[in-house]
Amino acid sequence: MKPNCDQMASTLISVTEAKKNILDNVTTIDGQEKLAIRQTLNRILDTDIKSTINVPPYDNSAMDGYAVSSIDLPEKDETELKIIGTSFAGRPFEGKMKPGETIRIMTGAVIPDGADTIIMQEHVQTTDRSIRISCGHNKGDHVRRIGEDMKIGDIVLKKGKLITPSELGLFASLGIVEVQVKRKCRVAFFSTGDELKSVGEPLEEGQIYDSNRYTLYGMLQRLNIELIDMGVIADDRDAVREAFKTASNIADAVITSGGVSVGEADYVKDTLEEMGKVNFWRVAMKPGKPLAIGKINNAAFFGVPGNPVSAMATFYQFVQPALQKMMGMNERFKLNIKVPCMTPLRKRPGRLEYQRGILSYTDNGEMIVNSTGVQGSHILTSMSLANCFIILPAENENVSSGDLVEVQPFDGLI
Ligand code: AMP
Ligand code: MG
């Protein structure tokens with residue numbers, strides 16, 4: 001194999017090293033607040049949650065049917081039991097059942113004294129006053145036990161948990177009104193580039209619209225971050241210095257796009273070196289090789305590349321996990337799967353690639369992935385068309401149709 005430029009460039013560090021370096025260099029922010037449970041959606045729990053009640057709080061029926069005592073269950077043939085009342089959800093049967101008796105019971109209703117088993121109504125023959133049940137039922141069938149979900153004293157949620165709809169319901173099940181969460185992480189972000197215009201302004205010769213501030217807005221908003229949009233900053237050393245100063249004074253993290261290459265108007269890395277600390281700036285990945293990571297004052301600094309796809313790919317792979325650590329969020333399971341790739345892919349060894357892919361099912365129900373097409377780092381439509389990244393390890397060469405590739409889906413149910 002002939003070495004190429006990427007392999008010879010000694011300044012490139014691997015994606016794995018970069019991820020580790022970034023995570024090791026950020027710390028969780030201080031500060032918390034107490035919020036009504038609905039307000040905690042997409043926030044990070046800042047305390048363990050201990051159950052102070054049993055859920056369910058009493059043994060109850062999982063079915064509409066009849067509550068019986070297991071001593072009445074026939075070993076063979078049938079048995080007849082007398083109906084002596086009804087237990088509704090929220091309106092329990094007050095009396096006590098004796099052997100030979102049964103009560104009609106609804107889903108969620110309290111199991112009456114003397115009963116320990118539920119027979120589904122579909123499995124009994126009823127007359128006005130009695131039921132006939134056959135053999136084949138077991139003690140404890142269709143009974144939900146007290147505390148089966150959460151027991152008094154259980155730690156049911158750990159500090160650092162991202163609060164999703166399940167946790168809102170869980171708080172409510174425990175009767176919790178307010179919860180302590182981490183304060184929101186504050187992020188200041190701006191684009192750099194003399195060619196950039198904001199939407200609403202006419203474009204002149206040689207200008208383009210600033211799209212990165214919008215993709216960044218979206219990605220940050222989804223993380224439930226407090227945003228400070230500082231607009232477009234010109235390719236001017238003083239302007240960049242000034243913006244760094246302001247941003248690092250007001251935010252926990254600063255994110256910039258553009259100006260991280262080695263072009264003559266790329267001031268981001270130099271200014272970061274001058275005013276703060278640069279951890280590294282070139283990663284063996286595609287898209288997104290130039291990346292300035294570091295610190296200014298107390299703010300974490302993430303300088304993502306200007307190319308729109310590079311900006312998004314580096315954000316998702318590096319900046320998002322770092323922000324999540326800063327927000328105090330515990331690591332979550334990440335779904336990466338191997339599927340056959342039906343489009344041949346071009347790949348030179350040297351850099352790890354995040355190509356854009358579309359996962360789908362064949363008529364036979366098998367999952368496959370296809371390329372979105374042209375993979376340039378300026379093709380933002382590729383991100384919009386894609387529903388996953390196709391991850392091609394650094395050493396890999398071309399992919400042939402049918403080869404297994406690793407994919408990272410964009411969406412997950414939470
Ligand atoms: P840079 O990283 O500044 O060298 O920019 C690399 C490429 O991305 C250039 O073609 C820029 O015009 C483009 N670019 C930089 N910033 C943005 C932005 N905010 N929105 C869209 N394209 C951008
Ligand atoms: Mg630029």
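Two strands are said to pair if DSSP finds at least two bridges between them. In this predicted model, strand β13 (residues 186-192) and strand β17 (residues 253-257) meet that condition, pairing in the parallel sense over 5 bridges. Both strands belong to an open sheet of 6 strands, and this briefing describes that sheet, the helices on it, the domains of the chain and the largest pocket.

**The sheet**
- The order of the strands is β16-β13-β17-β21-β20-β18, and the pairing is mixed.
- The edges of the sheet are formed by β16 (226-233) and β18 (277-282), each of which pairs on one side only.
- On average, neighbouring strands of the sheet are turned by 15° against each other, with direction ignored.

**Strand β17 and its partners**
- Towards β13, Ser-257 of β17 stands opposite Ser-191.
- Strand β17 is also joined to β21 by 5 bridges, and these two strands run parallel.
- One of the residue pairs between β17 and β21 consists of Ala-253 and its bridge partner, Ala-300 in β21.
- In a regular strand, side chains alternate between the two faces of the sheet.
- In β17, Ala-253, Ile-255 and Ser-257 point one way, whereas Val-254 and Thr-256 point the other way.
- Buried here means under 20% relative accessible area; 5 of the 5 residues of β17 are buried, so the strand is largely enclosed by the rest of the structure.

**Helices packed on the sheet**
- Helix α5 (residues 237-250) packs on the sheet and touches β13, β16, β17, β20 (290-296) and β21 (299-304).
- The direction of α5 makes about 175° with that of β16.
- Helix α7 (residues 308-326) also packs on the sheet, where it touches β13, β17, β20 and β21.
- The direction of α7 makes about 170° with that of β21.

**Domains**
- The chain is divided into domain 1 (9-31 + 184-326), domain 2 (32-55 + 148-182), domain 3 (60-144) and domain 4 (337-409).
- A distance of 65 Å separates the C-alpha centres of domain 1 and domain 3.

**The largest pocket**
- The largest pocket holds about 1,600 Å³ of space.
- Its lining comprises 43 residues, of which Gln-320, Gln-324, Arg-332, Lys-334 and Phe-410 lie nearest the centre of the pocket.
- Elements that give two or more residues to this lining include α2 (15-24), α4 (212-222), β23 (352-361) and β26 (404-409).
- Helix α7, which packs on the sheet, supplies the largest share of the lining, with 8 residues.

Technical notes: Residues numbered from 1 in each chain as written. Chains lettered and ligands numbered in written order. Predicted model: local features only at pLDDT ≥ 70, side-chain atom pairs only at ≥ 80, totals over all residues. Heavy atoms only, no water. Helix = DSSP H or I, 4+ residues; strand = E, 2+ residues; numbered from the N terminus. Axes fitted to C-alpha atoms, helices over the stretch in contact; angles between N-to-C directions. Contact = heavy atoms within 4.5 Å. Buried < 20%, exposed > 50% of the residue type's maximum accessible area, 1.4 Å probe, protein only. Domains from an automatic or database assignment. 1 Å grid on protein atoms, 1.4 Å probe; cavity = no way out; pocket = protein on both sides within 12 Å on 5 of 7 lines; lining within 4 Å. Points joined across faces, edges and corners; volume = space filled by probe spheres on them.
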